[in-house]
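This briefing introduces one structure to a reader who has not seen it before. It takes the overall form first and then the pairing of charged side chains.

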Amino acid sequence: MFKRIFWVGLGFGLGVIAVSKAQAYVKANTPDAARQFLLGPDQDNVTVRTLAGLFDEFNTARKAREHELNERYSKDVH
């Protein structure tokens, strides 16, 4: 169990490092037009925008599934 937690944590950490290094490389070695195409006009907040988008997408899917389950099972109760 602890080995799995260790390896998952290590993989997550290495993934975060790889993504941040890749973003730094893209920022340093690409022309401004290409950076704006890849990262958008607000290049300093790419990570925050990505996480916000993932969170919003998760909440939308969660609410849709919750509504579906409420519709299915609330009919059986009444």
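**Surface, fold and salt bridges**

About 7,000 Å² of the protein is exposed, and carbon and sulfur atoms supply 66% of that area. The model is predicted. The protein has 3 helices and 0 strands.

**Overall form**
- Along the sequence, the pattern reads α-α-α.
- The radius of gyration is 20 Å, whereas a compact globule of 78 residues would have one near 12 Å.
- Taken along the principal axes, the box filled by the C-alpha atoms is roughly 65 × 40 × 15 Å.
- Of the 78 residues, 8% count as buried.

**Charges**
- The protein carries 11 positive and 9 negative charges, and their mean positions lie 9 Å apart.
- Side chains of opposite charge can pair when their charged atoms come close.
- The whole structure contains 4 salt bridges.

**The pair Arg-62 and Glu-66**
- Arg-62 and Glu-66 form a salt bridge at 3.3 Å, N to O.
- Both residues lie in helix α3 (residues 46–77), 4 residues apart, or about one turn of the helix.
- Arg-62 counts as partly exposed because its relative accessibility is 35%, and Glu-66 is partly exposed at 41%.

**The network around Glu-68**
- Glu-68 meets Arg-65 in a salt bridge of 2.9 Å, N to O, and these two residues are 3 residues apart in helix α3.
- Glu-68 also forms a salt bridge with Arg-72, with the closest N and O atoms 3.2 Å apart.
- Through shared partners, salt bridges join Arg-65, Glu-68 and Arg-72 into one network.
- Glu-68 is partly exposed at 37% relative accessibility, as are Arg-65 at 41% and Arg-72 at 42%.

Notes
Residues numbered from 1 in each chain as written. Predicted model: local features only at pLDDT ≥ 70, side-chain atom pairs only at ≥ 80, totals over all residues. Heavy atoms only, no water. Rg over C-alpha atoms; globule rule 2.2 N^0.38 Å. Buried < 20%, exposed > 50% of the residue type's maximum accessible area, 1.4 Å probe, protein only. Areas by Shrake-Rupley, 256 points an atom, 1.4 Å probe, with all protein chains shown as cover. Lys, Arg positive; Asp, Glu negative; His and termini not counted. Charge placed at Lys NZ, Arg CZ, Asp CG, Glu CD. Salt bridge = Lys/Arg side-chain N within 4 Å of Asp/Glu carboxyl O.
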